[in-house]
Amino acid sequence: MFPKEKFLFPRPRKTSSDLKIAWYYPNTYTVGMAGLGYQLVFSLLDQDDDVQIFRGFTDMEEPGIKDCQLIGFTLSWELDYSNIIALLKKHDIPLSSRDRNENHPIVFGGGPVLTANPEPFSDIFDVVLLGDAEVAVPSFIAAYREAKKISDRKDQLISIANTDGIYVPALYKYEYESRESENDGGILSIAPLFDGIPDKPRKRIFTPPQDYVAHTQILSPDTAWGNMFLVEVVRSCPQECRFCLASYLTRPFRSTNVDSLIHAIETGLEHTNKIGLLGPSVTEHPRFDEIAERLKTRTDLSLSIASIRADTVSAKTLSVLKTLGQKSVTIAIESGSERLRAIMKKNLTEAEIINAVDMIEAAGLESIKFYGIAGLPHETQEDIEETVRLMTMLKKTHKRLRFVFGISSFVPKAQTPFQWYGRDKTCAKKLEYVRKNLAKIGIDVRPESHNWSDIQTLLSRGDRRLTPLIQAVAENSGNLGAWKKQMKETVGTPPVKDYYIYRNIPEDEILPWSHLQDEEKTQYLAKHRDAAASLSLQPAVI
């Protein structure tokens, strides 16, 4: 089915399997097989002697999926949900879990979008996996094996729901306030429908053994990265910037053992010379200089790394990256304003940014891609002007380097300290201000769509009342025009834009994902929210 693929590790021989599972990435093969998480779950399932697994994407799938008892999806990007709806319809599976019976497969999902807030999509999934795949997936398979001994589908799901790392949305009831019309207000309560169902499903956290490394299992030239062997260097981030889902959803911070990491890379080099190091910020690894030093003698290696932090990169590391073929690096500064970086807990000074750019130029690299965000909580126009000032100064003093500035508008993410803040309605103007002022000095500015960021916010902070809306959008092409039309026509929910997208949520309001976030974490996030608000009241340091 996928003839150009190379499996890097032996697959178990299976004469018979009692469980058939379809595992989908809701996008093209090129995008899906470039995802390390998708490959990781495939490997976890494939190594089970009693599981026969079939892969699927929007443009191709392995034969045999119609006979599967389980059909699963990973959701890494909110807007891929419409592809899930299309795939379910393709296989004649009812879109709502309520309409499925014993003749239909159980539909499960996982990934960062669903772990953070599955509620806008809750009607689609029978089961949602919460937390790290290495522990959540085996727990689910074990729970399903027990549950399938039960004939009734509802009783099967009740049985599965009592396993850590598993959430069965249909077993929980929401009650809403009624203001101008029925159920158009805030959430009054979220509670299990039956005794014995956990009030708060618990996310599973993986504690890796010393020799564990998450890495590519299947190489293919047809992925977004080509024949690149990907290796996870760190998981989560110790800085915990207050807007960042990767920091708070995957806590605690974990770094891969250096010897195990090098061994995995050496295994990858037996099949390809392209190695990619992954993590929210790979230079946060406490021994990254050692990793770079041990790789620099490999003349057969072409190295690519994800985003680095300006205050953790060293001249030695940059020299090694240059030797190994790296031409560009990516640095997320978020804002040129020292005040705003402190509010968001970026933990990065202007002097550290300047020093990093100096070292990058001295190392002989060709370009830097910067990331910025407009519309952050407590931002002022002066903060936006500070971004223009800093980037202008850097460009004037480093004319040899090519600068790319990717800028997005703030999207509040569930289970982060900024989850309570709504979007800035003036973001489009701020993005254009930055673009206009930086483009005229030769910086390649790449702003993200303000309108699509609105939609991401809707899905990030939404609740179950959005189900009819998102299904209607999916059935009407899923483009921006369909979103705008359906948001105007939707009834039976609060005002869509004002309530879900732009509103600051009161501190005492029940959040749609409150039952998936324990009280200790809620207090931790609130502490960071309040610390940011306190910093915003302090006078700027000139």
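The exercises below, each with a worked solution, concern a predicted model of a protein.

**Exercise 1. The protein as a whole**

Find how many helices and strands the protein has, and decide how its radius of gyration compares with the globule rule.

Solution. Begin with the secondary structure, where the protein has 19 helices and 19 strands. Next, take the radius of gyration, which is 24 Å, and set it beside the 24 Å that the globule rule gives for 542 residues; the two values are close, so the protein is as compact as a globular protein of that length. The C-alpha trace can also be described along its principal axes, where it spans about 70 × 60 × 40 Å. Then turn to the contacts: of those in the protein with a separation of 6 or more, 76% are between residues 24 or more positions apart. Finally, consider inside and outside: buried residues make up 57% of the 542 residues, while the protein exposes about 22,600 Å², of which carbon and sulfur atoms supply 50%.

**Exercise 2. A helix and its surroundings**

Determine which residues of α16 are buried and what covers them.

Solution. The first step is to list the buried residues of α16, which are T467, L469, I470, Q471, A472, V473 and A474. The second step is to weigh that list against the length of the helix: seven of the eight residues of α16 are buried, so the helix is largely enclosed by the rest of the structure. The third step is to look for the cover, which includes α3 (81–90), α15, α17 and α18 (496–501).

**Exercise 3. Two helices in contact**

Describe how α16 (residues 467–474) and α17 (residues 480–489) cross, and which residues meet where they touch.

Solution. Start with the geometry: the axes of the two helices come within 9 Å and cross at roughly 145 degrees. As for the handedness, α16 passes α17 in a right-handed crossing. Now name the residues on each side, where L469, I470, A472 and V473 in α16 meet A482, W483, Q486 and M487 in α17. Sorting the residues of this contact by kind gives seven nonpolar, one polar and no charged. A general point helps in reading such a list: an α-helix has 3.6 residues a turn, so residues three or four places apart point the same way.

**Exercise 4. Two serines**

Decide whether S453 and S307 are buried or exposed, and say which residues each one touches.

Solution. Take S453 first, which is found in helix α15 (residues 450–461). Its relative accessibility is 2%, and because buried means under 20%, S453 counts as buried. When residues up to four places away in sequence are not counted, S453 touches S409, V411 and R423.

Now take S307, which lies in the loop between β15 (302–305) and α10 (315–323). At 17% relative accessibility, S307 also counts as buried. Leaving aside its neighbours within four places in sequence, S307 is in contact with P280, S281, V282, T330, I331 and A332. One distance can be added: S307 and L277 are 30 residues apart along the chain, and their C-alpha atoms are separated by 9.6 Å.

**Exercise 5. Backbone details in loops**

Locate the cis peptide bond from R251 to P252, and compare the settings of D92 and K345, whose phi values are positive.

Solution. Begin with the usual case: most residues other than glycine have a negative phi, and most peptide bonds are trans. Against this background, the peptide bond from R251 to P252 is cis, with omega near 0 degrees, and P252 is found in the loop between α7 (245–249) and β13 (254–255).

Next, D92 has a phi near 60 degrees, and its place is in the loop between α3 and β5 (106–110). With a relative accessible area of 60%, D92 is exposed. K345, for its part, has a phi near 65 degrees and is found in the loop between α11 (338–343) and α12 (350–362). With a relative accessible area of 19%, K345 is buried.

**Exercise 6. A tyrosine in a loop**

Classify Y212 by its relative accessible area and name its contacts.

Solution. First place Y212, which is in the loop between β9 (187–192) and β10 (218–219). Its relative accessible area is 21%, so Y212 is partly exposed. Finally, not counting residues up to four places away in sequence, Y212 touches L40, E134, F206 and T256.

Key. Residues numbered from 1 in each chain as written. Predicted model: local features only at pLDDT ≥ 70, side-chain atom pairs only at ≥ 80, totals over all residues. Heavy atoms only, no water. Axes fitted to C-alpha atoms, helices over the stretch in contact; angles between N-to-C directions. Helix = DSSP H or I, 4+ residues; strand = E, 2+ residues; numbered from the N terminus. Left-handed = near helix turned anticlockwise from the far one by under 90°. Contact = heavy atoms within 4.5 Å. Nonpolar A, V, L, I, M, F, W, Y, C, P; charged D, E, K, R; others polar. Rg over C-alpha atoms; globule rule 2.2 N^0.38 Å. Buried < 20%, exposed > 50% of the residue type's maximum accessible area, 1.4 Å probe, protein only. Areas by Shrake-Rupley, 256 points an atom, 1.4 Å probe, with all protein chains shown as cover.
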